[in-house]
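Reader: I'd like to walk through a new model with you, with an eye on its empty spaces and charged pairs. Could you take my questions one at a time?

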Amino acid sequence: MAKLLVLTVLGIGAALFRDHRSSYQTRFNAFREVKPVELPNCNLVKGIEHGSEDLEILTNGLAFISSGLKYPGIKSFEPDKPGKILLMDLNEKHPTVLELEITGSNFDLSSFNPHGISTFTDEDNAVYLLVVNHPNFKTTVELFKFQEEEKSLLHLKTIRHKLLPNVNDIVAVGPEHFYATNDHYFVDPYLRSWELYLGLSWSYVVYYTPDEARVVAEGFDFANGINISPDGKYVYIAELLSHKIHVYEKHANWTLTPLKSLDFDTLVDNISVDPVTGDLWVGCHPNGMRIFYYDSENPPGSEVLRVQNILTEEPKVTVVYADNSTVLQGSTVASVYKGKLLVGTVFHKALYCEL
């Protein structure tokens with residue numbers, strides 16, 4: 001109730017003070033133009049036309065890709081079709097995508113709306129895929145077991161919790177244990193729009209187990225991508241509209257302590273971590289206005305960053321790829337496997353490059 005009262009007061013204040021618009025434009029990078037950075041050996045992935053919002057590559061080169069996201073305020077070119085999970089084998093010379101069949105008697109395929117994904121491999125090498133789902137624009141986390149021979153996903157469980165109302169991304173630390181970002185505090189669409197406009201920084205991160213869920217980090221202006229270091233000691237959180245990546249130290253009781261933050265001149269979305277080097281690969285939006293207010297005459301560009309040595313005093317940030325929308329619109333994620341780069345988008349195509 002207190003936050004609702006504050007929101008009302010701030011809403012009135014926003015109507016009275018015109019200069020808030022400039023802050024809004026700054027948060028969304030409204031006037032930034034991206035300078036193209038090309039890679040020599042890139043091809044669009046056949047079979048992906050309407051989104052590849054998140055992806056995760058297993059150590060054996062199999063990549064899971066979530067496709068077909070419908071998100072409030074974001075363009076969708078297939079608004080009436082359910083989403084899907086695609087599989088791609090990066091060991092192939094010319095990899096193609098395959099839609100994974102989803103089995104399980106209690107899962108509603110017609111409302112499947114996948115967002116962030118994460119995998120967990122147990123001691124027996126069983127692979128579990130956790131998928132953020134927005135059926136009817138609500139939020140659940142779906143637990144699947146990957147059946148490699150059948151090229152299918154067996155649905156095991158649907159997870160709902162009051163602390164998981166607006167989940168964007170997820171990083172699994174067990175078959176049913178994960179950290180998740182909520183990109184908004186409010187669920188109501190009207191209040192969400194005010195929260196976004198005013199930059200209230202009320203979004204937060206939750207640690208979930210079947211026994212409990214608790215907030216472990218908060219105060220974000222649109223918490224987005226999340227991932228964990230290869231040694232499991234640090235958690236990385238992307239704050240989209242503050243253009244930051246935060247590094248948190250993870251403790252034995254799963255609590256998080258802020259360690260440092262990196263600032264960028266782009267809107268950082270999903271974070272992938274190279275399991276060998278520990279480098280961060282980040283899908284970014286050079287101009288957020290073009291994502292949230294889509295114009296076919298002026299569509300959003302794409303940008304991929306590589307962050308090396310993030311835990312040191314002088315991390316190295318490299319723009320590996322950038323495009324002004326002529327090839328790829330709205331990049332959200334990038335990940336590498338043995339010198340190959342895969343870049344996904346919120347509602348557009350996907351790009352496969354040999355580095």
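Author: Happy to! Let me start with a term: a cavity is a set of grid points where a 1.4 Å probe fits but cannot get out. Please keep in mind that this is a predicted model.

Reader: Thanks, that helps. What is the volume of the largest cavity?

Author: The count comes to three cavities of 30 Å³ or more. The largest cavity has a volume of about 150 Å³.

Reader: Which residues lie nearest the centre of the largest cavity?

Author: The lining of the largest cavity divides into eight nonpolar, five polar and two charged residues. In total, 15 residues line the largest cavity, and those nearest its centre are Glu53, Ile74, Asn224, Asp269 and Val346.

Reader: I would like to link that to the annotation. Which residues of the UniProt "binding site" feature does the lining of the largest cavity include?

Author: The unreviewed UniProt entry places the feature "binding site" at Glu53, Asn168, Asn224, Asp269 and Asn270. These positions spread over 218 residues of sequence yet cluster in space, with a largest C-alpha distance of 12.0 Å. Of these residues, the lining of the largest cavity includes Glu53, Asn168, Asn224 and Asp269.

Reader: Let's look at one of them. Is Asn168 buried or exposed?

Author: Asn168 sits in strand β11, residues 167–172. Buried means under 20% relative accessible area. Asn168 has a relative accessible area of 2%, so Asn168 is buried.

Reader: And what is the relative accessibility of Asn224?

Author: Asn224 is placed in strand β15, which spans residues 223–228. Leaving out residues up to four places away in sequence, Asn224 touches Asn168, Asp169, Thr181, Ala238, Leu240, Val268, Asp269 and Asn270. Asn224 counts as buried because its relative accessibility is 2%.

Reader: Which residues does Asn168 contact beyond its neighbours within four places in sequence?

Author: Two other positions of the UniProt feature, Asn224 and Asn270, come up here. Leaving aside those sequence neighbours, Asn168 is in contact with His115, Gly116, Val132, Thr181, Asp183, Phe222, Ala223, Asn224 and Asn270.

Reader: Now the open spaces. Which element supplies the largest share of the lining of the largest pocket?

Author: About 1100 Å³ of space lies in the largest pocket. Its lining has 49 residues, with Glu56, Ile57, Thr59, Thr119 and Pro275 nearest the centre. Strands β2, β7, β9, β11, β15, β19 and β23 each supply at least two lining residues. The largest share, five residues, comes from β7.

Reader: How do the residues lining the largest pocket divide into nonpolar, polar and charged?

Author: The lining of the largest pocket holds 49 residues. They divide into 25 nonpolar, 14 polar and 10 charged.

Reader: Which helix gives the most to the lining of the second largest pocket?

Author: The second largest pocket holds about 500 Å³ of space. Of the 23 residues that line it, Tyr71, Pro72, His184, Pro189 and Arg192 are the closest to its centre. The lining divides into 14 nonpolar, six polar and three charged residues. With five residues, the most comes from helix α3, residues 189–198.

Reader: On to the charges. How far apart are the closest N and O atoms of Glu303 and Arg32?

Author: Side chains of opposite charge can pair when their charged atoms come close. The count comes to 10 salt bridges. In the one between Glu303 and Arg32, the closest N and O atoms are apart by 2.9 Å.

Reader: How many residues apart are Glu303 and Arg32, and where do they lie?

Author: Both Glu303 and Arg32 are buried. Glu303 is in strand β21 and Arg32 in the loop between α2 and β1, so to speak distant parts of the chain, and they are 271 residues apart.Reader: Which residues form one network through shared salt-bridge partners?

Author: Take another pair before that: Lys157 and Glu176 meet in a salt bridge of 2.6 Å, N to O. Lys157 lies in strand β10 and Glu176 in the loop between β11 and β12, so this pair ties together parts 19 residues apart in sequence. Salt bridges that share partners join into one network Arg32, Asp265 and Glu303.

Reader: One last pair: how many residues apart in sequence are the parts tied together by Lys349 and Glu49?

Author: The side chains of Lys349 and Glu49 meet in a salt bridge at 2.6 Å, N to O. Lys349 lies in the loop between β24 and β25 and Glu49 in the loop between β1 and β2, so the parts tied together are apart in sequence by 300 residues.

Notes:
Residues are numbered from 1 along each chain as its sequence is written. This is a predicted model: local features need pLDDT of at least 70, side-chain atom pairs count only at pLDDT 80 or more; totals for chains, interfaces and linings use all residues. Side-chain values use heavy atoms; hydrogens and water are left out. UniProt positions are given in the numbering used here, feature names are shortened, and annotations may be inferred rather than shown by experiment. On a 1 Å grid over the protein atoms alone, a cavity is a set of points where a 1.4 Å probe fits but cannot get out, and a pocket is an open set with protein on both sides within 12 Å along at least five of seven lines; lining residues have an atom within 4 Å of a point. Helices (H or I, at least four residues) and strands (E, at least two) are DSSP runs, numbered from the N terminus. Buried means under 20% relative accessible area, exposed over 50%, partly exposed in between (1.4 Å probe, protein chains only). Contact means heavy atoms within 4.5 Å. Grid points are joined across faces, edges and corners, and a volume is the space filled by probe spheres set on the points. Ala, Val, Leu, Ile, Met, Phe, Trp, Tyr, Cys and Pro count as nonpolar, Asp, Glu, Lys and Arg as charged, and the others, Gly among them, as polar. A salt bridge is a side-chain nitrogen of Lys or Arg within 4 Å of a carboxyl oxygen of Asp or Glu.
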